[in-house]
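Visitor: I'd like a quick tour of where things bind and what lines the hollows. Can we take it one question at a time?

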Amino acid sequence: MMHRVRAFFASSTFPLIGIVASILVVGIASQLARNQNQENLIAWYNTRIDLQRTFVAIVDEETGMRGYIATRDRIFLQPYSEAAGRLDGYFALLAAESAGDTNLVAQVAVIRGLHGRWLVTVAAPLIANPSRRNAHVIQLQGKIMLDAIRAASHEYRLGIDAHVADALGRTRLINVTALVSIMTLVCLFWAAGRASERGRQAAEATLLAELARRNAALERSNRLLEEFAYIASHDLQEPLRTISSFTELLQKRYAGKFDAEADGFIAQTVEGARRMRQLINDVLEYSRVTTHGRPFVPVDLSAVADRALADLRGAIAERSAHVRVGAMPEVLGDRTQLTQLLANLIGNALKYSRREHPRIEIEARAEGDMELISVRDDGIGVAPEDHERIFGIFSRLHTRTEFPGTGIGLALCRRIVERHGGRIWVDSAEGEGAMFSFTLRPAAGGAAL
Ligand SMILES: Nc1ncnc2c1ncn2[C@@H]1O[C@H](COP(=O)(O)OP(=O)(O)OP(=O)(O)O)[C@@H](O)[C@H]1O
Ligand SMILES: [Mg+2]
């Protein structure tokens, strides 16, 4: 367990996860800060509007007062009293909104104080007695006070603007941080993608190299086995020939000179030696497919079929078989081996039939970029469970008394087809004839249609 944990921390994944997590935390934090900053900005904009509203109310008051003094009409006192009624609330609101900045709070107090003084020393006395003697002087004092209020409001406004500028600057910084985080994340994922792609390619290359190495080893051991089979069967032929000829000589010269049992022993020895020679020849032929194969050349399959049929002339006549050969393509291969292949399949089709006139059809058609050739008969057929087995070396489904043979034919066919880069199989059901098919490369590039 500890080992796995350590391996995880040591792996390249761990730092990457760490970096991504940090960037995500920075991203989320900057988003939260951005929201907070946005709220502050809106609050300062509102304070600016509230200041505007306060100042307009003061101007309304002053205009109402002056209207009354000029006309003595009480109708002008209405905007004066309305504005005066609202102003207390406005000043309280400004003080609350500026709570975070002591300078601004003090500024609100200054404006409020000035306004209060104006009310007591200018507005109230003039409204009480508009025609007093020193009205002009009082009005002049009022103007000075209003100028002071205007100046203090301006000061206050500058303070708000500083906060707005500050918040805007912070928004810009947060935006840049978020952008950098996103870009870093994108770059990291891109780099991680590249790294994993490189890793995948490296793993694939290692796998391919391993596969090539094993293939080479397999080919080497196959070649050794083939050589061994070839040498063994070749070298066994000589002593076997001696045994065969001497037992046959023994049979010829001494038959009837011992008792019947001795004659039987001699006959069995002769037959055993003959069969052994046959088996050894079969192994030799099988191993020759690769050790003695000729280079591939364009081969006309109809000529090959004619040759195979000529070789089987006797058997065909003997079985009174009907053989039909369709149009055959030109393929790439070893003519001798291809003749052997067709002769084996046609030979089997003749052999494994109990009909009076066996019918055999040989046809070809294009299958993808290969040529597909099939040999169909109406013989005894092969049960599905034996479809693969019959291609094994010396593998037979019948005794020698039922049908003669050693069981090398189809193994040889498969070896020949595989050497040519194709495959061979059978489609059949017991008692319903069999169709053996194989594929070969066409002589010219792609298969003809
Ligand atoms: N056309 C066919 N119809 C039915 N069974 C077949 C046919 N061809 C082959 N078989 C079966 O497959 C087995 C293997 O065939 P294969 O040609 O390898 O050997 P064989 O004919 O017995 O001997 P050999 O070809 O070496 O003389 C045969 O014993 C037979 O049972
Ligand atoms: Mg055969």
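## Pockets and ligand

Guide: Let's start with the lining of the largest pocket: its largest share, seven residues, comes from α9. Keep in mind that this is a predicted model.

Visitor: Which elements give two or more residues to the lining of the largest pocket?

Guide: The lining adds up to 35 residues, and Asn348, Lys351, Tyr352, Gly405 and Gly409 lie nearest the pocket's centre. The elements that put in two or more residues are α6 (260-291), α9, α10 and β7 (434-440).

Visitor: How do the lining residues of the largest pocket divide by class?

Guide: The space they surround comes to about 810 Å³. Going by class, the lining of the largest pocket divides into 14 nonpolar, 12 polar and nine charged residues.

Visitor: Where does ligand 1 sit, and which element gives the most to its shell?

Guide: Ligand 1 sits in the largest pocket. Two helices, α9 (335-351) and α10 (409-419), each supply at least two residues of the shell around ligand 1. With three residues, the one that gives the most is α9.

Visitor: Which residues are closest to ligand 1?

Guide: The shell around ligand 1 divides into nine nonpolar, eight polar and three charged residues. That is 20 residues surrounding the ligand, and the closest are Asn348, Tyr352, Arg396, Ile408 and Leu410.

Visitor: What percentage of the area that ligand 1 exposes when taken alone does the protein bury?

Guide: Let's look at some polar contacts before the area. A nitrogen atom of ligand 1 lies 2.9 Å from a polar side-chain atom of aspartate 377, while an oxygen atom of the ligand lies 2.6 Å from a polar side-chain atom of arginine 396. The backbone takes part too, with a polar atom of leucine 410 at 2.8 Å from an oxygen atom of ligand 1. Taken alone, ligand 1 exposes 590 Å², and the share of that buried by the protein is 94%.

Visitor: What about the second largest pocket: how much space lies in it, and which residues are closest to its centre?

Guide: About 420 Å³ of space lies in the second largest pocket. Of the 15 residues lining it, the closest to its centre are Asn222, Arg223, Glu226, Thr290 and Arg415.

Visitor: And which element gives the most to that second lining?

Guide: By class, the lining of the second largest pocket has five nonpolar, three polar and seven charged residues. At least two residues each come from α5 (135-254), α6 and α10. The element that gives the most, with six residues, is α5.

Definitions and conventions: Residues are numbered from 1 along each chain as its sequence is written. Chains are lettered from A and ligands numbered from 1 in the order in which they are written. This is a predicted model: local features need pLDDT of at least 70, side-chain atom pairs count only at pLDDT 80 or more; totals for chains, interfaces and linings use all residues. Side-chain values use heavy atoms; hydrogens and water are left out. A residue is near a molecule or strand if one of its heavy atoms lies within 4 Å of it. A polar contact is a pair of N or O atoms within 3.5 Å; within protein, one must be able to donate a hydrogen and the other to accept it, and residues adjacent in sequence count only if both atoms are side-chain atoms. Accessible areas come from the Shrake-Rupley method with a 1.4 Å probe; for residues, only the protein chains shown count as cover. On a 1 Å grid over the protein atoms alone, a cavity is a set of points where a 1.4 Å probe fits but cannot get out, and a pocket is an open set with protein on both sides within 12 Å along at least five of seven lines; lining residues have an atom within 4 Å of a point. A molecule sits in a cavity or pocket if more than half of its atoms lie within 2 Å of its grid points. Helices (H or I, at least four residues) and strands (E, at least two) are DSSP runs, numbered from the N terminus. Ala, Val, Leu, Ile, Met, Phe, Trp, Tyr, Cys and Pro count as nonpolar, Asp, Glu, Lys and Arg as charged, and the others, Gly among them, as polar. Grid points are joined across faces, edges and corners, and a volume is the space filled by probe spheres set on the points.
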